[in-house]
Structures are given as structure tokens and as C-alpha cells.
Amino acid sequence: MAELLQFIFSGLTVGAVYALVALGFTIIYNASDVVNFAQGEFVMLGGMATVFLAAAGLPLPLAAIAAVVITVAVGLGLYLFAIKPARGASAVTLIIITIGASIALRGAAQIVFDKQFHRLPSFSGDDPIHILGATILPQSLWVIGGAGVILAALWWFFRVTLTGKAVLATAANRLAASLVGIDTRFVVGLSFALSAGIGAIAGILVAPITLTSYEVGTMLALKGFAAAMLGGMGNPIGAVAGGLLIGLLEAFGAGYLSSTYKDAFAFVVILLVLFVMPGGLFGARSVERV
Amino acid sequence: MPETPTRETPMPETPMQETLLEVADLASAYGRVKALKGVSVTVNAGEIVSLVGGNGAGKTTLLRAISGVQPVIGGSVRFLGEDVTRLAPHARVDRGIAQVPEGRQIFAPLSIEDNLRLGAYRRRDDAIAADMEAVYELFPMLKARRATPAGGLSGGQQQMLAMGRALMSRPKLLLLDEPSMGLAPILVDQIFEIIASLKQRGVTVFLVEQNAAAALSIADRGYVIETGKIAHEGEAASLLADDRVRAAYLGI
């Protein structure tokens, strides 16, 4: 029982991060049909920038805020200088552009930062909390709680604000969005900024637990992509569910089978989804849009 | 059935035929295929002008070019005297141009109310709620289902929603692309009655239709487009009486 609970705790913690990465994929995909494989680099930038700004003497909260701002700027730059000029390119071309951007960002991070692993101090100490024989780190609660707050904020943004509805409208029908006067380029830029911000926050929250380095983004992007696929590409609820499921699957797999294959589970999930239910758990809408 | 304003009713005082839209020598292409080969069209304030023609004649392309969602390779679009040929679509909505696109193109997953609210996306005034009530008055069945996703509406209801959405921007010029397409005849009559009634509300209408008889019967003036060029133009009544137009488009 304690063991099971322990696996659930660690699964939910890492799953919350995957969920945020998957949400980043979803937001950009819905607004622009681009699958942004640089999503993991946003997470890396958030963590690494915070580490180095804190090391430079900034108080941790300020360093974190500055890191989010920097990452959002990078996300906007990615859109303005790589995606927007390729307007009208095919989906495959756009995917290759984002893969190129991810490699470039990783390379730049090696130079601007370094190649070492770094750890941020935990936000509320490292004393584990005991629950029914299992333990959970206070930082895990920060990760899960932070993900919850982001979800609530996103829900409010998309359901209540006119700008959020304009993003949904653009995702639903780009032509009609243009015709009612929505600047769809603004919406796509906004979705890149939003995804970058979410990724950066995820990277900051998880850095005290998993450590961070210039190359953590690669694996996170793949896991997040698997989560988005599992939930059904383009479905935000699916992205969150998919992220949590993959996190739990990894935790249980590592605990009951072998931790050697921890990273393999996400890829097995991608393959299974592609073979068995290409639409994902929450049934995707048709991929072809007219 | 609501009261139909007929052609015989005296026109509401027309503000001395101010030119609203002036399309001059407009050309547009899809790749190497020219869809518009120098089209000139004028719409005066207060008019209903219909553009009729067959499939692929360039009707939709012309409307898209006026709205700014279709690149043009020559000619100009002037709106209230201002050259808007290079303006982004949203800037043209600001000027008072609204299009009801072919095939409705509603925001299917969003509620009917959100669809209408987004129609007023560019507006910052405080009459939006009142205008929404006015749209609900025009299309009562939309109000009953205001909170439900728009994708659940029937084709005719979606057409009404698309028109309501466009009206929410308080357009000076309403561009309608094939509003009768795919609708049952009874609904077609209803839609055309509503279009005719828009004139009383001070909305100028530029209507594109394959259903030439219906489109010309509610119009003041008309144009006939053939393979990217204007083939005939004139008073709607005289086009309806023109033998060539009758033979080609009215099946008489």
C-alpha cells in the first residue's frame, strides 16, 4: 500500500510536468497546426535561466520571473523569425523548422550556460512529508499545485476572456476568424508566448527535483508529445490526462518492472496509440482541415 | 412568415448614392490560374447589389479579395474612398466590411453566443449586448439555443448564425457568399427575405449567388461574372429581363 502510494506520488509529480509540456504542444498545434518540437527547450530554458540568474545574485523568485520572461521572448522570437516567415509551408516543413530550432536552442544553451547538471534549491525545504507510510517532497506539491494553478488560469483564459475565445475561434476556423477581424498572426504569436511561458514554469518547478541541464528538453519534449498523442492531439483535457497517465506508467513501470526501461514506456505508448487508436484517448477531431 | 418588404415599397431615403465600395480592374490568381482578370464593381450606400455567375466564375474569389483573405495581383479595392487593397482583413473589418463566407464557416465548438460575441470582436463600444438582442430578434431560434455549441445547428440555422455574426460587427457593407447554398427551398425564401430586410436597417449588401433569379429579384443592381470577367451589368430588373442572362443563368 505504502509502495503503491509512493509510486502514485512520483508518477503524479513527473506526470504534471509532462502534462504541462503536452499542453504547450496542444496550444500551439490548435492555433497554428504546428507541432512544436522546441517545446522541451522552453522547459530547459526556464530551469537553466533561473539557475544562472540566481547564481548571478538575483533572489530566487525574481530569477524565476525573469527566466519566464526570457523564455517567453525566445518563444516569440521562434515564431517571428522561424515560423512566420515560413507561412504557408507544409506541416512537415514546419516540424523540421521546430526541430532545427530545438537543436539551435540546445546549442546556444551549451554556450550561454554550460554543460553541467544544476539543481535549484527546493522552494519549501527538503523535509519529506509522510502520508500513510509513503513520503512526498514539498517540491512535488509545488509541481502538482503549480500545474493545477496553470490549468485553472488557462481554463479562465479560454472560457471567459474574449482574447481566449479568439484563440479558440482561430483554432476552430481560421478563415472565419480572419473575417470577424481576429488578427490570426497575433493569435499564433500569442500561443507561442503562452506555450513558452507554461514550459518555463514547468522547468522551474521541477528543477529542484530532477536537476536540469542544457539537454533536458529533448526527453521532455518526447514524453510530452507522447502525452499529447495519448490524450488526442489538440485536446487540452486529453493532454493533461495523457501527461498524468504517462507519468504514472513510468513510475509503476520503474517500480514494478525495472527502472532501466523507464524512458521506454513513453515510446511504447506512442507506438500503441499509433497502431491501436490514432485519435488518442479523447478522440481527436479530424486532422484534415479545410 | 414575417412580412416581406417588396420591391414596390418606397426605398428608405437613399443618402444620395454615396459610393461605398469601388473595385477597379481587380486581378487575382491561384498559382498560375487566374481567377479574376480585371473585375470592376461598384456598390453604393443603401443598395443591394447581386453578383451572379456559374461555378468557378470567380464570385467567391472576388468576395475574398474584398475582405482581404485572398491576395490580389492587380487592381484596387477602395472603401469609402480609401484604398484598402493592401490592408489586413481585420483592418477592413474596422472600416466596416463584414463577410458571411461560403459554407457558413461558423466556430463549431463554440457556443452560439460566443460566435455572435466574436462577430463584435473589433468593437469596443457598449452597445454589443443590445446588438446581440437585435440579432436574436431577427433569428429567434438562435436565442433558444444560445449556450449550445454552434456545430449542432442545422445548415439553415448555421447560415443565420453566420449572418448574425457578421451583423454583430455593425458593418457598413455586408458581403454574402452563396447564402442559399445547400438549403431547403423554404429556408432559401426566408434567408432572402431577411437579406431584403437588411436594407431597411441601413446595411448595404453585396450578394454573390448561383441562384441568379432569387439574387436578382431582391437586388437594385446586378453583375454577371463569367470566367473572371464581368460579362453583363445593370439594373437588376433589366438583367432579369435580358435574354442572354435568362438563357445562361435563369434556365428560362
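Let's start with a helix in chain B, α6, residues 155–167. Its 13 residues should span 18 Å at 1.5 Å a residue, and the end C-alpha atoms are 18 Å apart, which agrees. Keep in mind throughout that this is a predicted model.

How many of the 13 residues of α6(B) are buried? Eleven are, so this helix is mostly covered. Here they are, in order. G156(B), Q158(B), Q159(B) and M160(B) are among the buried residues. L161(B), A162(B), M163(B) and G164(B) are also among them. R165(B), A166(B) and L167(B) complete the list. Note the mix of side chains there: the buried set includes two glutamines, Q158(B) and Q159(B), and an arginine, R165(B).

What covers those residues? The cover includes β6 (97–100), α3, α4 (128–138) and α5 (140–144) of chain B. It also includes β7 and α7 of chain B.

That brings us to α7(B), residues 185–198. This helix has 14 residues. It reaches 20 Å from its first C-alpha to its last, close to the 20 Å expected at 1.5 Å a residue. Which residues of α7(B) are buried? They are F192(B), I195(B) and L198(B). Now look down the axis of α7(B). Its buried residues fall within an arc of 110 degrees, so they line one face of the helix. And what covers them? The cover includes β7 (173–177), β8 (204–209) and α8 (212–217) of chain B.

Let me step back to chain B as a whole. Its secondary structure comes to ten helices and ten strands. The radius of gyration is 17 Å, and the globule rule gives 18 Å for 252 residues. Those are close, so chain B is as compact as a globular protein of that length. Along its principal axes, the C-alpha trace of chain B spans about 45 × 40 × 35 Å. Of its 252 residues, 44% count as buried. Now take the contacts in chain B between residues at least 6 apart in sequence. Of these, 68% join residues at least 24 apart.

On to the partner, chain A. How many helices and strands are there in chain A? There are eleven helices and two strands. From the N terminus on, the order is α-α-α-α-β-β-α-α-α-α-α-α-α. The radius of gyration of chain A is 19 Å, close to the 19 Å that the globule rule gives for 290 residues, so chain A too is as compact as a globular protein of its length. Its C-alpha atoms fill a box of roughly 60 × 50 × 35 Å, taken along the principal axes. Of the 290 residues of chain A, 51% count as buried. Take the contacts in chain A with a separation of 6 or more. Residues 24 or more positions apart account for 75% of them.

Next, the record for chain A. An unreviewed UniProt entry lists "transmembrane region" for residues 7–31, 62–82, 88–108, 129–158, 186–212, 224–252 and 264–284. I checked two of those spans against the model. Residues 88–108 of chain A are 86% helix and 0% strand, with end C-alpha atoms 28 Å apart. Residues 224–252 of chain A are also 86% helix and 0% strand. There, the end C-alpha atoms are 18 Å apart.

Two backbone details in chain A deserve a look. Most residues other than glycine have a negative phi. D33(A) has a positive one, near 65 degrees. Where is D33(A) found? In the loop between α1 (2–32) and α2 (39–55) of chain A. D33(A) is partly exposed, with 15 other C-beta atoms within 10 Å.

The other is L132(A). Its phi is positive, about 50 degrees, although L132(A) is not a glycine. L132(A) sits in the loop between β1 (129–131) and β2 (134–136) of chain A. Is L132(A) buried or exposed? With 10 C-beta neighbours inside 10 Å, L132(A) counts as exposed.

Last stop, the place where the chains meet. The contact takes 22 residues from chain B and 15 residues from chain A. On the chain B side, the elements that give two or more residues are α2 (89–95) and α3 (112–119). α2(B) gives the most, with four residues. By class, that side of chain B has twelve nonpolar, six polar and four charged residues. And recall α3 of chain B: we met it earlier, as part of what covers the buried residues of α6(B).

Conventions
Residues numbered from 1 in each chain as written. Chains lettered and ligands numbered in written order. Predicted model: local features only at pLDDT ≥ 70, side-chain atom pairs only at ≥ 80, totals over all residues. Expected span 1.5 Å × (residues − 1). Buried ≥ 20, exposed ≤ 12 C-beta atoms within 10 Å, placed from the backbone. Arc of directions from axis to C-beta. Contact = placed C-beta atoms within 7 Å. Nonpolar A, V, L, I, M, F, W, Y, C, P; charged D, E, K, R; others polar. UniProt positions renumbered as here; feature names shortened; annotations may be inferred. Rg over C-alpha atoms; globule rule 2.2 N^0.38 Å.
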